[in-house]
Amino acid sequence: MIRVRDDLQALEGYHSPQVDVRVRLNTNESPFPPPAAWHDRFAAALADVQWNRYPDRAAADLRRAIADSHGVDPSQVFAANGSNEVLQTMLLAYAGPGRTVLTFEPTYQLHGHIARLVGSTVVEAERAADFTVDVDAIRAAVGSAAPHVAFLCSPNNPTGLVEPPANVLALLDAAPGLVVVDEAYAEFADWSALSLVAEDRPLAVVRTFSKTWSMAGTRLGYAIAPSWLVAELDKVVLPYHLDAAKQLAGRLALEFVDEMGARVKHVVAERERVVEGLESLPVDVFPSGANFVLFRPRSQPGRAVWQGLLDRSVLVRDCSSWPRLADCLRVTIGTDDENSAFLDALREVLS
Ligand SMILES: *Cc1c(COP(=O)(O)O)cnc(C)c1O
């Protein structure tokens, strides 16, 4: 029998179990579809695509639209198939065999996972029990790991915590290599590292259309980074990786910034309502700047609470067996009715 690469034998794939339920609050998608007017614009534009031709390899219109939305130059935008492909491309270019990648755990599993897939050594620094990390711990971790790529995730998945600006600055100051701030949920938070991106700084900020933009089905993400870094990523990614439909979908979505902004505001208000509801129950709640909330039941094991919710057809993410997250569950903010159904079900399970 043929054998996979030695370093892949012990690795497991990434799993996010899907179960058929009435209320699905486990994968941090937007509960709202994109605006109806976007559907119409997209359908009309699709009719004009020349399907026998390769798409625009540079995705120039899409890149310009993304650049304009952030007030940067199109040469500072790298787009790919979901932010996961952005992360993979960065790790192929700047990590890989013989190189080291630093994460602050617990955080988004795919940072370490993709780093291992491309053959890098992953060093996991530890966050405190409340999932924060301080400047001294950041300096110490960088000092011993000397990472070629260092990750922060803000707001952090799965904890929801927004990284203080001082931490990003400390990491930039100490790290000898590339600093990546994964901001998949930044629109739900008060602070972003985008303002720190500059041509003379090895910082990349990664965003996605999957969460805020109600377009997880599109698979589109991007980085804002110095143009010299984007040029290296362009070398590494496969030619024509962004299909014509995706380029249109993303560009047209950016014509509906106000509608998306309204959705974000609504989700944030609902998040505050869910947090209030959780705080009235026997659970520990972690402060969230994202479209999800991490909580830990105090009176029952997390797994039992997860099952109790599932028995009531409410699916949340079971993090209870993940390292450092004993008994923790993560609930995505859904529609008003879904959030109420979740709170009602949880009240029942815990009573
Ligand atoms: C959901 C998520 C992503 C999204 O990835 P896509 O490939 O863009 O769907 C990236 N980073 C974090 C931290 C996430 O939670």
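## Cavities, a ligand shell and some odd backbone spots

Domain 1 (6-33 + 258-350) and domain 2 (50-255), with bounds from an automatic or database domain assignment, both give residues to the lining of the largest cavity, so this cavity lies between them. The model is a predicted one, where local features need pLDDT of at least 70 and side-chain atom pairs count only at pLDDT 80 or more, while totals for chains, interfaces and linings use all residues. Residues are numbered from 1 along each chain as its sequence is written, and side-chain values use heavy atoms, with hydrogens and water left out.

**Exercise 1. Work out how many cavities of 30 Å³ or more there are, and what lines the largest cavity.**

Step 1: get the rule straight. A cavity is a set of points, on a 1 Å grid over the protein atoms alone, where a 1.4 Å probe fits but cannot get out; lining residues have an atom within 4 Å of a point. Points are joined across faces, edges and corners, and the volume is the space filled by probe spheres set on them.

Step 2: count. You get two cavities of 30 Å³ or more.

Step 3: look at the largest cavity, with about 50 Å³ of space. Its lining includes E29, S30, P31, F188 and K211. Sorted by class, that lining has five nonpolar, three polar and three charged residues. Here Ala, Val, Leu, Ile, Met, Phe, Trp, Tyr, Cys and Pro count as nonpolar, Asp, Glu, Lys and Arg as charged, and the others, Gly among them, as polar.

**Exercise 2. Describe the second largest cavity, then pick out what is unusual about A59.**

Step 1: the second largest cavity holds about 30 Å³. Among the residues lining it are R57, A58, A59 and H241.

Step 2: the lining splits into five nonpolar, one polar and three charged residues.

Step 3: now check the backbone. A59 is not a glycine, yet has a positive phi of about 45°. A59 sits in the loop between α1 (36-46) and α2 (60-70); helices (H or I, at least four residues) and strands (E, at least two) are DSSP runs numbered from the N terminus.

**Exercise 3. Which residues are closest to the ligand, and how much of the ligand does the protein bury?**

Step 1: list the neighbours, meaning residues with a heavy atom within 4 Å. There are 13 around the ligand, the closest being S83, Y185, T208, K211 and R219. Helix α3 (residues 82-94) gives the most, three residues.

Step 2: find the polar contacts (N or O pairs within 3.5 Å). A polar side-chain atom of D182 is 2.7 Å from a ligand nitrogen, and an N or O atom in the T208 side chain is 2.6 Å from a ligand oxygen.

Step 3: the ligand alone exposes 390 Å², and the protein buries 94% of that (Shrake-Rupley method, 1.4 Å probe).

Key. On a 1 Å grid over the protein atoms alone, a cavity is a set of points where a 1.4 Å probe fits but cannot get out, and a pocket is an open set with protein on both sides within 12 Å along at least five of seven lines; lining residues have an atom within 4 Å of a point. A polar contact is a pair of N or O atoms within 3.5 Å; within protein, one must be able to donate a hydrogen and the other to accept it, and residues adjacent in sequence count only if both atoms are side-chain atoms.
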